[in-house]
Each structure stands twice: as C-alpha cells, then as structure tokens.
Amino acid sequence: MKAILKLEELAMFLLGIFLFSQLSFSWWWFLVFIMAPDIGMLGYLKNEKIGAWFYNLFHHKGLALLLYLVGVYSSNETIQFVGIILFAHASFDRLLGYGLKYEQGFKFTHLGEI
C-alpha cells in the first residue's frame, strides 16, 4: 500500500511540474520556491500546537488547489504559481513520508511516525 501511495504522490508532484510549465515563469522560480512552504515549520518555535497548525496550513492540498483555481478564474498567474508550489511541495513531502502533523510533535504525522 505504501508503494501505491508514493506513486500517487509522485504523480501529483509531476502534475504540479506540468501545471507550472504552463505558466510564463522561468524554471528557476520553481526551483527557488519549491521549499518555501516549509516556512510553516517556524510555528514550532512557539510550541507544538501552533507549529502543527502552521505546518498543516502550508501543506494542505485543498488550500493549494483553491488558490490555483482562484488564480485560473481571475487569470492571475501569481496566484496560480502559489497554488502550484503549495501543491507540488506537499506532494513531494508526502512522497518522502512527511505527512500532516499532529499536535503531539513534529514526528507525529497522518502517515505515521517519522
């Protein structure tokens, strides 16, 4: 089952790359910003509850898709870009086994303990 889930996440990551290729941004933008959603980990400096909340906000695929669709609807490539980065990053993280966080601590995720 884990292999199937990893293949699914890989497919979603590749979808993110494809969607990015449809934008007019240079590829270096993708490479620079693909790790930007990890800024959500800064919440852990305060405490585990705030850390988990911010981490999950920046790694929520529903939010990523909503932003992307708002960008499509409004013809705003910058909003589309933000949605794609959030989506691709979350997919890549889950491919590596980093899931959404529980409040018990960073190593407790919906995919199991890291």
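This short talk walks through two helices, one salt bridge and one unusual loop residue in the structure above.

Hi everyone, a word on the source before we start. This is a predicted model, in which local features need pLDDT of at least 70 and side-chain atom pairs count only at pLDDT 80 or more, while totals for chains, interfaces and linings use all residues. Residues are numbered from 1 along each chain as its sequence is written, and side-chain values use heavy atoms, with hydrogens and water left out.

Let's begin with helix H1, residues 2–21. Helices here are DSSP runs (H or I, at least four residues), as strands are (E, at least two), numbered from the N terminus. The expected span of a helix is 1.5 Å times one less than its number of residues. For the 20 residues of H1 that gives 28 Å, and the end C-alpha atoms are 29 Å apart, which agrees.

Which residues of H1 are buried? They are Glu 9, Phe 13, Gly 16, Leu 19 and Phe 20. Buried means under 20% relative accessible area, exposed means over 50%, and partly exposed is in between (1.4 Å probe, protein chains only). These buried residues cover an arc of only 120° around the axis, which puts them on the same side of H1; the arc is that of the directions from the helix axis to the C-beta atoms. As a reminder, an α-helix has 3.6 residues a turn, so residues three or four places apart point the same way.

What covers that buried side includes helix H2 (27–33), helix H4 (61–73) and helix H5 (77–95). On the face turned away from it, H1 carries the exposed residues Ala 3, Ile 4 and Leu 7. Leu 7 also joins Leu 10 and Leu 14 in a nonpolar surface patch, with about 270 Å² of accessible area together. Leu 10, another residue of H1, counts as partly exposed because its relative accessibility is 33%.

Now for the charges. How many salt bridges does a search of the whole structure find? The search finds 1, where a salt bridge is a side-chain nitrogen of Lys or Arg within 4 Å of a carboxyl oxygen of Asp or Glu. The partners are Glu 9 and Lys 61, at 2.5 Å from N to O. Glu 9 lies in H1 and Lys 61 in H4, so the pair ties together parts that are 52 residues apart in sequence. Both Glu 9 and Lys 61 are buried.

That brings us to H4. Its 13 residues should span 18 Å, and its end C-alpha atoms are 18 Å apart, which agrees. The buried set here is Lys 61, Ala 64, Tyr 68 and Gly 71. They cover an arc of only 85°, which puts them on the same side of H4. H1 and H5 are among what covers them, whereas the opposite face carries the exposed residues Leu 66, Leu 69 and Tyr 73.

Finally, look just after H4, where Ser 75 takes a positive phi of about 55° although this residue is not a glycine. Most residues other than glycine have a negative phi. Ser 75 sits in the loop between H4 and H5 and counts as exposed because its relative accessibility is 65%.

From H5, Gln 80 touches Ser 75, along with Leu 23, Tyr 68, Gly 71 and Val 72, not counting residues up to four places away in sequence. Contact means heavy atoms within 4.5 Å. Gln 80 itself counts as buried, at 10% relative accessibility.

How values were computed:
Patch = residues over 30% accessible without salt bridge, like charges linked within 9 Å, V, L, I, M, F, W, Y side chains within 5 Å. Areas by Shrake-Rupley, 256 points an atom, 1.4 Å probe, with all protein chains shown as cover.
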